[in-house]
Each structure stands twice: as C-alpha cells, then as structure tokens.
Amino acid sequence: LFESDVRQREVAPARISVILGDLLENGLLSDAVELILGRIRTPAEISEALDGAVHVQECVSEALDVKKSVFKIADQLTSASTVIASSSSSLTCSMIAADIRGRQRCLLAHPANPPYLLPVVEVAPASFTSDHAVARTFSLMADAGMTPIHVHAEIEGLAYNRLQGALLREAYCLVRDGVVTADDIDRLVRDGLGRRWAVIGPFATAELNTRGGLVAHAARLGEAYGRMGTERGQNDPWTKDLVEKAAEQIHRQLPPERWDDNVRARDRALMVIGEALGRASLPGTDDFN
Ligand SMILES: NC(=O)c1ccc[n+]([C@@H]2O[C@H](COP(=O)([O-])OP(=O)(O)OC[C@H]3O[C@@H](n4cnc5c(N)ncnc54)[C@H](O)[C@@H]3O)[C@@H](O)[C@H]2O)c1
C-alpha cells in the first residue's frame with residue numbers, strides 16, 4: 001500500500017486493523033487479523049510498493065493529472081506482465097492511459113464502497129487494452145472472492161453509478177415535489193427495494209414478481225413505466241425486441257421452468273437477511289456506535 005500523505009500512511013494499518021477486527025467478529029475472516037496485517041506493507045517509496053507487483057490497483061484522488069502521473073510511474077516500475085488498474089468512478093481508461101507505453105495492460109477495475117464488504121467490481125477496458133489483461137483481472141478478482149462485471153463501453157459512470165444515479169435522480173425529484181421526505185425515501189429503499197436487491201437484481205425481481213416473467217411484466221407495466229419516464233423527459237420505451245433480449249439473458253440464470261423454485265429461493269434468502277438484520281445495529285438507530 002503506497003499513500004503519498006504521510007499522516008494517512010501512518011494511520012492506515014490501525015484503520016485496517018479495526019475493520020479486520022469487525023470482519024472477524026462477524027465471521028467474515030478465514031485468517032487471523034495479525035496474519036493479514038502482516039501481509040500489508042506501507043513503504044514510504046512507491047518503487048518499493050510496486051516491486052514485484054502482479055497487479056496495481058490505483059486508488060488515488062479523482063484527478064486526471066494525478067492518475068496519469070501514477071500510471072506513468074507504475075508503467076515504468078513494473079514488469080510487462082503487470083496489470084495496472086484504476087479505481088476511478090468518473091474517468092475512463094482511455095483518458096488516463098492512452099499515452100502510456102504499456103497501455104495494453106491498463107484498464108479500469110471500479111470497486112464499490114466499502115470494497116471489503118461489497119464484492120462487485122466493474123472491469124472496463126479501453127480499445128487498446130489486451131484481452132489477456134482483462135482475463136487476468138477477471139481471474140484475480142474472482143480468486144479474491146470478488147464478482148467481476150465486464151463493462152463493454154467506456155461510458156461515464158459505467159453501469160453501477162448509472163443505476164445508482166437513475167434512482168437518486170428520481171429520489172431528488174420526489175423530495176423536490178414534496179411527494180415523500182428524504183428519510184422516507186431511504187426507508188422505502190432500505191426496507192423494500194434494497195432488501196430485495198440484496199438477493200436478486202431488478203430484472204430478476206420483475207421476472208419473479210410476475211408469472212410469465214419479464215415479458216408478462218413488461219406487457220402489464222411497460223406503458224406505465226414509459227409514462228413515468230416521459231414525465232421526467234426520458235423516452236426509452238421497452239420495445240418488444242429489447243424485452244425479449246433481456247428475458248433471454250436473465251433466463252440463463254433463472255430458467256422459466258424453475259420459476260416456482262426460484263421464487264421460493266428468493267423468499268428463503270430474504271428470510272436469512274431478515275434474521276441477520278434483526279441482529280444488526282443500523283446507522284441512525286440508537287444502539288449504533
Ligand atoms: N469512495 C468511494 O465510494 C469510491 C468508490 C469507487 C471508486 N472510488 C474511486 O477510488 C479513488 C479514490 O477514492 P477515495 O474516495 O478514496 O478518494 P480520497 O480523495 O478520499 O483518497 C485518495 C487518497 O489518495 C492519496 N493520494 C493522492 N495522490 C497520491 C499519489 N500520487 N500517490 C499515492 N497516494 C496519493 C491521497 O492522499 C488520499 O489519501 C477515486 O478514483 C474514486 O473515484 C471511490
């Protein structure tokens with residue numbers, strides 16, 4: 001771990017130690033805290049941190065010039081087989097690494113926060129990134145217990161923040177118009193949408209909420225959702241072809257002939273979460289510290 005701010009560098013092991021202790025207490029560590037801490041070095045020189053690295057995960061400040069300079073150094077100080085990945089939430093690999101000599105081994109590997117609890121990571125290569133670098137990153141992330149998602153275009157916000165943004169934009173509209181309060185929006189998501197999304201995504205939700213799956217769901221509600229979009233200046237109808245494409249993709253995980261089994265599996269997973277949440281102290285409640 002290389003951090004240019006001396007104070008941050010000095011406090012990093014203690015901060016990591018607290019998180020590791022919480023993970024251990026919640027049954028989420030397979031090794032002892034001290035053993036894991038012993039694997040993390042915090043050298044004062046970036047060259048020492050990069051020495052022998054097989055993967056560099058850049059997560060410095062979200063500023064293009066800072067990222068570019070770190071990529072340049074990483075390119076110079078690592079071997080030709082090292083993958084150099086940026087965590088950036090708003091910049092693309094093309095913006096950061098187009099001028100780098102070893103640009104074929106550069107890509108974006110965008111985590112979600114906090115990355116030690118949310119396993120998803122978006123892998124977004126540039127057109128100059130090699131297939132080998134993408135495959136290496138996928139296997140490394142999967143070996144580390146992460147869920148790598150291939151993002152096929154260098155669009156602003158990638159997919160994760162676009163989804164998050166869609167919900168947040170509507171939430172702001174509802175608060176602005178006095179329809180619901182901000183804290184009630186959070187309760188709606190925490191105790192409704194989000195609780196369900198912890199076990200299945202929005203497509204699987206539509207698939208399993210309606211007998212007949214996505215196609216039946218779109219036939220029943222597509223026009224209403226279209227009108228809500230138009231109200232917000234959006235015109236992206238769920239055409240027959242689009243719904244069929246999504247249904248075909250979702251049926252790889254949820255074949256229609258197993259619909260009843262999958263509905264039950266969803267319910268049982270929600271029961272596990274409901275039970276676990278009963279034991280959790282949530283932010284905003286009295287017993288949270
Ligand atoms: N915070 C999130 O929720 C989140 C989620 C996904 C991705 N990201 C991405 O991760 C990156 C970091 O985000 P953050 O919220 O931790 O930012 P931050 O600004 O809080 O922290 C950045 C750290 O980088 C250090 N730094 C700056 N220049 C450096 C250099 N040249 N060498 C070494 N260290 C340097 C800073 O001292 C600072 O401690 C950003 O690209 C961000 O888009 C953040």
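**Close-up views of a predicted protein chain**

Of the 289 residues in the protein chain, 29% count as buried. The model shown in these views is predicted.

**View 1. The whole protein chain, with 12 helices and five strands**. The C-alpha trace spans about 60 × 45 × 45 Å along its principal axes. Among contacts in the protein chain with a separation of 6 or more, 60% are between residues 24 or more positions apart. The exposed area of the protein chain is about 18,700 Å², and 55% of this comes from carbon and sulfur atoms. The protein chain carries 31 positive and 40 negative charges, and the mean positions of the two sets are 3 Å apart.

**View 2. T78, in the loop between α4 and β2**. The loop follows α4 (64-77) and leads to β2 (83-86). T78 has a relative accessibility of 11% and therefore counts as buried, the cut-off for buried being under 20%. A polar atom of the T78 side chain lies 2.5 Å from the backbone oxygen of A74. The side chain of T78 also makes a polar contact, at 3.0 Å, with the side chain of R105.

**View 3. Contacts of T78 beyond its sequence neighbours**. When residues within four places in sequence are left aside, T78 is in contact with L50, V56, I84 and R105. R105 is also the partner of T78 in the side-chain polar contact of 3.0 Å. V56 and I84 are among the residues with the most contacts inside the largest nonpolar core.

**View 4. Surroundings of I84**. Not counting residues up to four places away in sequence, I84 touches V56, F71, A74, D75, T78, R105, C106 and L107. Of these partners, T78 and R105 are joined to each other by a polar contact between their side chains, and A74 offers its backbone oxygen 2.5 Å from a polar side-chain atom of T78.

**View 5. The largest nonpolar core, with 19 residues**. The residues with the most contacts inside this core are V56, F71, I84, C93, A97, C106 and L108. At least two residues of the core come from each of α3 (46-50), α4, α5 (93-97) and β3 (106-111). The most is given by α5, which supplies three residues.

**View 6. A second, separate core of 11 residues**. Its members include A206, L208, A247 and W259.

Definitions and conventions:
Residues numbered from 1 in each chain as written. Predicted model: local features only at pLDDT ≥ 70, side-chain atom pairs only at ≥ 80, totals over all residues. Heavy atoms only, no water. Helix = DSSP H or I, 4+ residues; strand = E, 2+ residues; numbered from the N terminus. Buried < 20%, exposed > 50% of the residue type's maximum accessible area, 1.4 Å probe, protein only. Contact = heavy atoms within 4.5 Å. Areas by Shrake-Rupley, 256 points an atom, 1.4 Å probe, with all protein chains shown as cover. Lys, Arg positive; Asp, Glu negative; His and termini not counted. Charge placed at Lys NZ, Arg CZ, Asp CG, Glu CD. Polar contact = N/O pair within 3.5 Å; in protein donor to acceptor, adjacent residues only side chain to side chain. Core = buried A, V, L, I, M, F, W, Y, C linked by side-chain atoms within 4.5 Å.
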